[in-house]
Amino acid sequence: MEPSLRVAADILRAAPSVACLTGAGVSAESGVPTFRDAQTGLWARYDPQRLASPQGFRDDPGLVWRWYMARLTAVEQAQPNKGHLALAHMQERWPGFPVITQNVDDLHERAGSTHVIHLHGNIAQFHCHQCGTAHTLSAEERRAPAPPICKACGGPVRPGVVWFGESLPADALAAALEAVSACGVLLVVGTSGLVYPAAQLPLIAKRAGSRLIEINLEPSPLSSWADVVLRGPSGEVFPALLDASV
């Protein structure tokens, strides 16, 4: 066993409580393109601000709608990887183990995690852009070139994700802050550490006395704050860490 994995396993074994923050790298291992990587082919010529902002939606709702329907299809075709499954198994050892995710897919839930906090929303949920009324999408609406119209107010329906310039859902952010402030160990997995306010959560945990374990392919701005850094894909590192900490 490599020394860093042994140290991380010892930290986990002694932890009274554990939480986890996941980013795009975790879903990418299941074949879900990251936001930037998804801008290939047909979408390569579009500015991200046009595809994921309230202004872009107002200017061209059909373009944004088609982009998100393509993203939704990619998410539905993906399957949870071994990293998702290992995280779900951790809930058996630490009841109430919260998974805070920046990802808008449901791969954590499909893997079996039951306490998932979605900081950036959920791509499979929809609501009216004007009045907020929830909307259940039909198969016909998914294939349409433009978003459906809200039955309550006539406004356009949009995916339930956080766009550029929008605030995080207040309840999700509050739950995440509570989780990182109270955990003994915070696992930081597959996140660039560049997107705020999610990138502040590990720092808040550290200042509250939590130990940090980072799992990532590349160094991030959070690496210097971590007690242990494990380099590699989460689908390989997480199962090894879980086994080593038994």
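**Figure 1. Contacts across the whole chain.** Let's start wide: among contacts between residues at least 6 apart in sequence, 67% join residues at least 24 apart. This is a predicted model, and its chain holds 11 helices and 9 strands. The radius of gyration is 19 Å, close to the 18 Å that the globule rule gives for 246 residues, so the chain is as compact as a globular protein of that length. Its C-alpha atoms fill a box of roughly 55 × 35 × 30 Å along the principal axes, and 50% of the 246 residues count as buried.

**Figure 2. The largest nonpolar core.** Here you can look into a set of 27 residues, in which Met90, Phe97, Leu187, Leu230, Phe238 and Leu241 touch the most other members. Elements that give two or more residues to this core include helix H1 (3-13), helix H6 (82-93), strand S7 (185-189) and helix H11 (234-244). A second, separate core has 21 residues, among them Ala52, Val75, Ala78 and Val157.

**Figure 3. Around Phe238.** Zooming in on one core member, we find Phe238 in contact with Cys20, Gly83, Ala86, Leu87, Met90, Leu187, Val189 and Ile215, leaving aside neighbours within four places in sequence.

**Figure 4. The cis peptide bond at Pro197.** Most peptide bonds are trans. The one from Tyr196 to Pro197, however, is cis, with omega near 10 degrees. You will find Pro197 in the loop between S7 and helix H10 (201-207).

**Figure 5. Surface and charge.** The accessible surface of the chain comes to about 11,300 Å², and 55% of that belongs to carbon and sulfur atoms. The chain carries 19 positive and 22 negative side chains, and the centres of the two sets lie 2 Å apart.

Technical notes
Residues numbered from 1 in each chain as written. Predicted model: local features only at pLDDT ≥ 70, side-chain atom pairs only at ≥ 80, totals over all residues. Heavy atoms only, no water. Core = buried A, V, L, I, M, F, W, Y, C linked by side-chain atoms within 4.5 Å. Buried < 20%, exposed > 50% of the residue type's maximum accessible area, 1.4 Å probe, protein only. Helix = DSSP H or I, 4+ residues; strand = E, 2+ residues; numbered from the N terminus. Contact = heavy atoms within 4.5 Å. Rg over C-alpha atoms; globule rule 2.2 N^0.38 Å. Areas by Shrake-Rupley, 256 points an atom, 1.4 Å probe, with all protein chains shown as cover. Lys, Arg positive; Asp, Glu negative; His and termini not counted. Charge placed at Lys NZ, Arg CZ, Asp CG, Glu CD.
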